[in-house]
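Please load the model in your viewer and keep a selection panel at hand, since this tour moves from the ligand site to the cysteines.

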Amino acid sequence: MNSFLPRIEISLSQIRENTQILSKLYKNKGTSLMGVTKAVLGEPSIAKAMIQGGVEFIADSRLENILRMKNSGIAVPFVLLRTPLSQAESIVHNVDISLNTEIKTLKELSCHAKRRHKIHKVIIMVELGDLREGILPHDLSQFFEQALLLSNLEIIGIGCNLACYGGIKPDDKKMQELSAQVGLLETRFHIDLKIVSGGNSANYEWFKSSQNIGRINNLRVGESILLGCETVGRKAIPGLHLSAFQLIAEVIESKKKPSLPFGEIGQDAFGNVPGFQDRGDHQRVIIALGRQDVQVSQLKSNNKLRMIGSSSDHIILDGGDHNLEIGDEVRFSLGYSGLLTTMTSPFVLKQFTDSDAHVAA
Ligand SMILES: *Cc1c(COP(=O)(O)O)cnc(C)c1O
């Protein structure tokens with residue numbers, strides 16, 4: 001065995017197929033998609049798989065990720081999901097559209113755009129109750145009044161983001177509220193809001209059940225493309241692949257040991273005083289993977305191995321009767337923050353498993 005461990009195996013064809021199914025579903029009611037790449041650090045081959053699958057834009061929260069994709073030759077419009085004032089100059093230079101909620105930042109963007117003889121496009125985010133980014137509806141008119149004065153910006157749309165901080169569900173009521181704001185702003189300011197971006201992977205159930213999606217014509221989706229689920233109840237979306245990403249680690253110890261630590265109990269490696277249940281002697285397996293590689297609570301063992309505990313570089317599993325030996329591989333599926341943390345770990349090799357991966361990479 002000479003494959004590198006730990007590694008994350010990535011199926012680009014499954015990501016592409018997930019995107020195809022979702023694009024088709026959403027386009028049916030006139031909704032375009034922005035493929036969100038932040039959980040995979042803007043990995044260019046994954047962005048390409050999303051584009052092949054039908055997304056019209058690539059969106060990311062980090063300028064560094066967008067630069068990585070641009071440098072690899074990807075040429076669709078890029079959307080920045082989070083807009084820091086300090087990066088205004090580079091944003092205008094490198095990004096086509098940014099999401100915004102602050103006049104001070106818009107002024108800076110317009111200023112840099114003017115210097116470069118450019119028009120920078122912006123989508124204004126509206127706060128609908130989740131309490132992350134957004135302008136409260138009753139402040140929106142005044143905000144637009146100021147924003148529309150900025151010479152080198154084009155406000156191409158509005159959007160909202162739910163189910164991220166407050167866990168507020170996108171439903172017909174919230175989406176109608178956003179549509180109503182579009183109407184009010186267009187009438188009041190004689191503008192045309194081309195993009196109405198209603199949300200993220202959490203909007204799936206609403207979209208499926210809604211008879212009338214109003215003015216919503218865009219969604220920004222990451223997790224449902226990558227992991228195949230919606231994000232209100234983390235239910236699988238029919239037809240989508242759920243295991244496009246697999247994390248694989250190596251068994252480095254396998255021994256029968258007691259389930260109770262012995263000696264005097266103090267703090268563990270993370271400052272907690274642990275408590276234990278005596279289950280007698282049992283087979284305990286250690287894998288070379290830890291909290292520095294992944295948010296361990298997000299791991300789902302493909303063989304239903306139970307996790308006993310973890311530290312920075314070790315995860316202890318209940319070996320049960322799996323007969324795991326030193327050097328064996330253990331496979332896991334991942335939740336969203338598991339994916340995010342693993343893709344961010346420099347210790348985990350990112351490996352593409354499809355035959356067309358070399359072309360894409
Ligand atoms: C991360 C993010 C998304 C994508 O969310 P998913 O749940 O991965 O679909 C969409 N919009 C904004 C503003 C985001 O920050």
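A molecule is said to sit in a pocket if more than half of its atoms lie within 2 Å of the grid points of that pocket. In this predicted model, select the ligand and its pocket: the ligand sits in the second largest pocket.

Next, expand the selection to the shell around the ligand, which holds 13 residues, the closest being K38, S201, R220, G222 and E223. Colouring that shell by residue class will separate four nonpolar, four polar and five charged residues.

Now go from the shell to individual atoms. Which ligand atom lies 2.5 Å from a polar side-chain atom of S201? On inspection, the partner of the S201 side chain at that distance is an oxygen atom of the ligand. Turn then to the main chain, where a backbone N or O atom of G222 lies 2.9 Å from an oxygen atom of the ligand, and where E223 likewise places a backbone N or O atom 2.8 Å from a ligand oxygen atom. With these contacts displayed, consider the surface of the ligand, which exposes 390 Å² when taken alone, 94% of which the protein buries.

Leave the ligand and select the sulfur atoms of C160 and C164. How many disulfides does the model contain? The count is zero, because a disulfide requires two cysteine sulfur atoms within 2.5 Å, whereas the sulfur of C160 is 11 Å from the closest cysteine sulfur, that of C164, which is too far for a bond. Seen from the other end, C164 is likewise in no disulfide, and its nearest cysteine sulfur is that of C160, 11 Å away.

As a last step, show the accessible surface around these two residues: C160 is buried, with a relative accessible area of 1%, while C164 is partly exposed, with a relative accessible area of 42%.

Notes
Residues numbered from 1 in each chain as written. Predicted model: local features only at pLDDT ≥ 70, side-chain atom pairs only at ≥ 80, totals over all residues. Heavy atoms only, no water. Buried < 20%, exposed > 50% of the residue type's maximum accessible area, 1.4 Å probe, protein only. Near = heavy atom within 4 Å. Polar contact = N/O pair within 3.5 Å; in protein donor to acceptor, adjacent residues only side chain to side chain. Areas by Shrake-Rupley, 256 points an atom, 1.4 Å probe, with all protein chains shown as cover. 1 Å grid on protein atoms, 1.4 Å probe; cavity = no way out; pocket = protein on both sides within 12 Å on 5 of 7 lines; lining within 4 Å. Nonpolar A, V, L, I, M, F, W, Y, C, P; charged D, E, K, R; others polar.
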